[in-house]
Amino acid sequence: MEHEIDTALTVNGVEVRRRIPARQNLVDFLRDELGLTGSHVGCEHGVCGACTLRVNGAIVRGCLMLAVQADGCNVETIEGLSDSGELAGLQKAFHARNALQCGFCTPGMLIAARDLQIQNPKATRDEIRAHLSGNYCRCTGYQAIVDAIEEVLNGKG
Ligand code: FES
Ligand code: FES
């Protein structure tokens with residue numbers, strides 16, 4: 001049987017204590033054990049950004065972090081960030097600009113965009129593109145996504 005480790009973390013403000021298999025990654029733990037399926041799994045090796053989460057205030061790839069490494073951490077997922085209203089302006093702009101089609105990339109895009117909004121609220125279009133360079137979208141061609149984020153950063157969102 002796989003080695004399991006006692007782990008305590010906070011997920012969207014709720015304390016979670018579990019014995020977690022040492023090799024389970026964080027996004028699989030959130031999806032499979034906690035039912036938080038808003039974080040998606042695409043490439044599983046740190047390239048596509050579909051699994052983007054916020055851990056202790058910084059965005060991370062949920063497929064590259066082991067769940068046991070989140071011991072003592074504050075993990076925020078798209079569910080928590082949506083429920084709190086923190087993403088409301090970005091979500092509204094994505095909707096208005098048709099910045100999603102299949103939606104697979106959207107949770108990761110929104111979390112990455114929110115990170116930029118916090119770090120560099122006056123980001124230029126080029127800086128928006130650079131910040132999203134680790135988040136792949138196979139549907140939209142990115143134009144509408146950048147438009148939506150630019151709108152919010154310019155205070156219209
Ligand atoms: S699934 Fe994690 S970066 Fe692609
Ligand atoms: S909307 Fe389909 S991958 Fe981005």
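Reader: What makes β3 and β4 count as paired strands, and in which sense do they pair?
Author: Two strands pair if DSSP finds at least two bridges between them. Between β3 and β4 (residues 58-61) there are 4 bridges, so the definition is met. The sense is antiparallel, and one bridge joins V55 to A58 in β4. Before we go on, this is a predicted model, where local features need pLDDT of at least 70 and side-chain atom pairs count only at pLDDT 80 or more, while totals for chains, interfaces and linings use all residues; side-chain values use heavy atoms, with hydrogens and water left out. Residues are numbered from 1 along each chain as its sequence is written, chains are lettered from A and ligands numbered from 1, in the order in which they are written.

Reader: What counts as a helix or a strand here, and how many of each does the protein have?
Author: Both are DSSP runs numbered from the N terminus: helices are H or I over at least four residues, strands are E over at least two. By that count you get 6 helices and 5 strands. Read from the N terminus, the order is β-β-α-β-β-β-α-α-α-α-α.

Reader: Why is the protein called as compact as a globular protein of its length?
Author: The radius of gyration, taken over C-alpha atoms, is set against the globule rule, 2.2 Å times the number of residues to the power 0.38. For 157 residues the rule gives 15 Å, and the protein comes out close to that at 16 Å, so the label fits. Along the principal axes, the C-alpha trace spans about 50 × 25 × 20 Å.

Reader: Which strands are at the edges of the sheet, and what makes them edges?
Author: The 5 strands form an open sheet with mixed pairing, in the order β2-β1-β5-β3-β4. β2 and β4 are the edge strands, since each pairs on one side only. From one strand to the next, the twist averages 40°. Helix α1 (residues 26-33) packs on this sheet, touching β1, β2, β3 and β5.

Reader: Which strands besides β4 does β3 pair with?
Author: β5 (residues 74-76), in the antiparallel sense, over 2 bridges. That bridge count sits right at the cut-off I gave, so it still counts as a pair. R54 has E76 as its bridge partner in β5.

Reader: Is E76 buried or exposed, and how do you know?
Author: Buried means under 20% relative accessible area, exposed means over 50%, and partly exposed is in between (1.4 Å probe, protein chains only). E76 has 18%, so it counts as buried. Contact means heavy atoms within 4.5 Å, and, leaving aside neighbours within four places in sequence, E76 is in contact with N12, L53, R54 and L81. Over in β3, T52 and R54 point one way and L53 and V55 the other, and all are buried. Across the protein, buried residues make up 46% of the 157.

Reader: What is unusual about the phi of N12, and where does N12 lie?
Author: Most residues other than glycine have a negative phi. N12 has a positive one, near 50°. This residue lies in the loop between β1 (4-11) and β2 (14-21), which form a hairpin with 2 residues between the strands. β1 and β2 themselves pair in the antiparallel sense over 8 bridges.

Reader: Why is N12 called partly exposed, and what about Y142?
Author: N12 has a relative accessible area of 25%, so it falls in the middle class. Y142, at 27%, lands there too. Y142 also has a positive phi, near 75°, and lies in the loop between α5 (125-131) and α6.

Reader: What makes the contact of α4 with α6 mostly nonpolar?
Author: M109, A113, L116 and Q117 in α4 meet I145, I149, V152 and L153 in α6. The class rule counts Ala, Val, Leu, Ile, Met, Phe, Trp, Tyr, Cys and Pro as nonpolar, Asp, Glu, Lys and Arg as charged, and the others, Gly among them, as polar. That gives 7 nonpolar, 1 polar and no charged residues.

Note on methods: Axes are lines fitted to C-alpha atoms, for helices over the stretch in contact, and angles run from 0 to 180 degrees between N-to-C directions.
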